[in-house]
Amino acid sequence: MVLDQAPRAPSRAPWDTVDWDRDPQWPWTSAAQDSPGHLYDLWRAAVVRSRAAVDEALADGGLDRRLVWQPEAGADGERSSLRRVLVDLIEEYARHVGHADLIRESVDGLVGEDPPGVPAVYPVRER
């Protein structure tokens, strides 16, 4: 997460090597041959990076810190705060998790927050 006066962070692998002109559908096709284990590893690494970025931002300005990487300022000329971005992410995540639950439940029949037999693959945040 890039905040305040810091320059925009460079793209990370694998996005830094994508030829978007040649393969504009890359985000939808790139993982077709990847194993579920590899995809979980990528996701876990992204979670760790995201948590570290939020921790850094909280330590350097808190939730009211203004973001610089926002493409356009709002109608009042203000850039969004970290608080606004995190609330938007929570709302968006919650909406899509509900959709994913409906799909998963229709496939395997398991319901509930932690159905039995689900492996512990989610990263645990160290405090």
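Modeller: Before we start on this predicted model, here is a rule: rings of Phe, Tyr and Trp count as a pair if their centres lie within 6.5 Å. By that rule, the count comes to 1 aromatic pair.

Colleague: Which residues form that aromatic pair, and how do you know whether to call it stacked, tilted or edge-to-face?

Modeller: The partners are W20 and W26, with 5.7 Å from centre to centre and 80° between the planes. Pairing needs centres within 6.5 Å, and edge-to-face needs planes over 60 degrees apart, so this pair passes on both counts and is called edge-to-face.

Colleague: And what makes W26 count as buried or exposed?

Modeller: W26 has a relative accessibility of 17%, and buried means under 20%, so W26 is buried. Its partner W20 comes out at 39%, which sits between 20% and 50%, so W20 is partly exposed.

Colleague: Let's turn to charges. How many salt bridges does the structure hold?

Modeller: There are 6 of them. Side chains of opposite charge can pair when their charged atoms come close.

Colleague: How do you know that R44 forms a salt bridge with D41?

Modeller: Their closest N and O atoms are 2.7 Å apart. The cut-off is 4 Å between a side-chain nitrogen of Lys or Arg and a carboxyl oxygen of Asp or Glu, so R44 and D41 qualify. Both sit in helix α2, 3 residues apart, which is about one turn of the helix. R44 has 23% relative accessible area and D41 has 45%; each value falls between 20% and 50%, so both are partly exposed.

Colleague: Why are E91 and R95 separated by about one helical turn?

Modeller: Because they are 4 residues apart in helix α3. Their side chains meet in a salt bridge at 2.2 Å, N to O, and that is within the 4 Å limit. E91 and R95 also belong to a network of salt bridges that includes E92.

Colleague: Are E91 and R95 buried or partly exposed?

Modeller: E91 is at 37% and R95 at 42%, and both values lie between 20% and 50%, so both are partly exposed.

Colleague: Why is R65 called buried?

Modeller: Its relative accessible area is 15%, under the 20% cut-off, so buried is the right word. R65 is found in the loop between α2 and α3.

Colleague: What makes D60 and R65 a salt bridge?

Modeller: The closest N and O atoms are 3.3 Å apart, and the limit is 4 Å, so the pair counts. The side chain of R65 also has a polar atom 2.2 Å from the backbone oxygen of D60. D60 has 45% relative accessibility, between 20% and 50%, so D60 is partly exposed.

Colleague: One last topic. Which residues make the nonpolar surface patch?

Modeller: Y40, W43, Y93 and V97 make it, and it covers about 400 Å². The elements that give two or more residues to the patch are α2 and α3.

Colleague: What makes V97 partly exposed?

Modeller: V97, which has its place in helix α3, has 30% relative accessibility, and that lies between 20% and 50%, so partly exposed is the label.

Methods: Residues numbered from 1 in each chain as written. Predicted model: local features only at pLDDT ≥ 70, side-chain atom pairs only at ≥ 80, totals over all residues. Heavy atoms only, no water. Polar contact = N/O pair within 3.5 Å; in protein donor to acceptor, adjacent residues only side chain to side chain. Patch = residues over 30% accessible without salt bridge, like charges linked within 9 Å, V, L, I, M, F, W, Y side chains within 5 Å. Areas by Shrake-Rupley, 256 points an atom, 1.4 Å probe, with all protein chains shown as cover. Buried < 20%, exposed > 50% of the residue type's maximum accessible area, 1.4 Å probe, protein only. Phe/Tyr/Trp six-rings, centres within 6.5 Å; stacked < 30°, edge-to-face > 60°.
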